[in-house]
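User: Please take a close look at one part of this model for me: the salt bridges, and what lies around them. I am at the bench rather than at a modelling desk, so plain language would be welcome.

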Amino acid sequence: MALASLPLRPTRPAGRPRRWQAWGLPLAAWTLLAGFVALGLAGPWLAPHDPRVAIARPLQPPSGRALLGTNDVGQDVLSEWLIGARATLVAAIGVTAISTALAWLAGVTAGLWDRAALPLTSLGDLLLALPAIPLYLLILALVGPSQTTIILTLGLLSWPAFGRIVQATVREVRSAPYVEAAEALGASPIRVAVRHVIPATFGLLAAKVVLTVRFAIFAEASLAFLGLGDPGAKSWGAMLGTAFNYPLLFARGAWLWWVLPPALAIVAVVWATSVLTMERPRG
């Protein structure tokens, strides 16, 4: 029998995976992030107990009184998780606002003003050359751990990479033919910057916001896990740090209801922000 006469193996239609990647994944990611924001806003009202008060014996598994069990001092893990969502959300918003504003201002200034390019670029190079985690640890150890200190530290030190992208975009737009034509027709530098250059950078901000939210959540959780978070604030990272300091965490199986909820929440938010920054197929 000739090979050409053999029936072809049925192939899976290519439309569904492409449509799922184009619309399904982003929709799931946005839904997840919207749920995270809703939990952060309504967490204190949804918490069934005061997370600072012991409601049962330590390390009790999930039950009707404590749906996610209790921690090592008998506090409700579900209430801690809901309150921690707000602390994590506040840290993510604060770091994202500071870092995005600094990166955009530094990039636009360095791209438009040649005299400012060298000091801003040198400062960015210095911050990029320094190891991030040891630098965070040093600052927090000197200043003292608190949620405000964490937000300021992460926000003030995480702008250089995106600032370079904004600076490169500004310089590219300045050399575009339509901008050179506007300058040749007598448009002032301020008019060229306001009408042509600065608007070209706005399209970059959405990606910066999503990436910084992911960075802020992961970094805040890492610092809180290392014991450098605000000791008076409940966050997902602080929950993990407290849990892993308990010596019999894995021996008694408490990690199932004490570690998994905050860990899975952090993984879910990081996954959602990663999906939103992925390049999606068209059509």
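Analyst: Happy to help. A residue counts as buried under 20% relative accessible area, exposed over 50%, and partly exposed in between (1.4 Å probe, protein chains only). The model is predicted, so local features need pLDDT of at least 70 and side-chain atom pairs pLDDT 80 or more, while totals for chains, interfaces and linings use all residues. Numbering starts from 1 along each chain as its sequence is written, and side-chain values use heavy atoms, leaving out hydrogens and water.

Let us set the scene. The protein has 12 helices and zero strands (DSSP runs numbered from the N terminus: H or I of at least four residues for helices, E of at least two for strands). Along the sequence the pattern is therefore α-α-α-α-α-α-α-α-α-α-α-α. The C-alpha atoms fill a box of roughly 80 × 80 × 35 Å along the principal axes. Of the 283 residues, 40% count as buried.

Now to the part you asked about. The structure holds five salt bridges, each a side-chain nitrogen of Lys or Arg within 4 Å of a carboxyl oxygen of Asp or Glu.

Start with Lys234 and Glu80, whose closest N and O atoms are 2.7 Å apart. The two partners come from distant parts of the chain: Lys234 sits in the loop between α9 (205–225) and α10 (236–244), Glu80 belongs to helix α2, and 154 residues separate them. Their surroundings differ as well, because Glu80 is buried at 5% relative accessible area, whereas Lys234 is partly exposed at 23%.

Next comes Arg164 with Asp125, where the closest N and O atoms are 1.8 Å apart. Arg164 is in helix α6 (residues 160–174) and Asp125 in helix α3 (residues 114–129), so this salt bridge ties together parts that are 39 residues apart in sequence. Both ends are partly exposed: Arg164 has a relative accessible area of 42%, and Asp125 has 31%.

Asp50 and Arg52 make another salt bridge through their side chains, at 3.2 Å from N to O. Here Asp50 is partly exposed, at 33%, and Arg52 is exposed, at 65%. Arg52 is found in the loop between α1 (15–46) and α2. To place Arg52 within the whole, take Leu152 as a landmark: the two are 100 residues apart in sequence, and their C-alpha atoms are 26 Å apart in space.

There is also a network of salt bridges, which links Asp114, Arg171 and Arg174.

With the charged pairs placed, look at the nonpolar packing. The largest nonpolar core has 61 residues, and Leu154, Ile217, Leu223, Trp236, Leu249 and Trp258 have the most contacts inside it. Such a core is a set of buried Ala, Val, Leu, Ile, Met, Phe, Trp, Tyr and Cys residues joined through side-chain atoms within 4.5 Å. Helix α2 (residues 77–112), the helix that holds Glu80, gives this core its largest share, 13 residues.

Two residues show what packing looks like around here. Ile217 touches Phe36, Thr88, Ala92, Ile266 and Val269, where a contact means heavy atoms within 4.5 Å and residues up to four places away in sequence are not counted. Thr96 lies in helix α2 and is buried, at 7% relative accessible area. Leaving out residues up to four places away in sequence, Thr96 touches Val209, Thr212 and Val213.

Helix α5 (residues 147–157) is worth a visit too. Its buried residues are Thr149, Ile150, Ile151, Thr153, Leu154, Gly155 and Leu157. They pack against α2, α3, α4 (132–143), α6 and α9. Among those neighbours are α3 and α6, the two helices joined by the pair of Arg164 and Asp125. Leu154 appears here among the buried residues of α5 and is also one of the residues with the most contacts inside the core.

The link between Lys234 and Glu80, spanning 154 residues, has company in the wider contact pattern. Among contacts between residues at least 6 apart in sequence, 71% join residues at least 24 apart.

If you want one place to begin on screen, try Glu80: it is buried in helix α2, and Lys234, its salt-bridge partner, is partly exposed.
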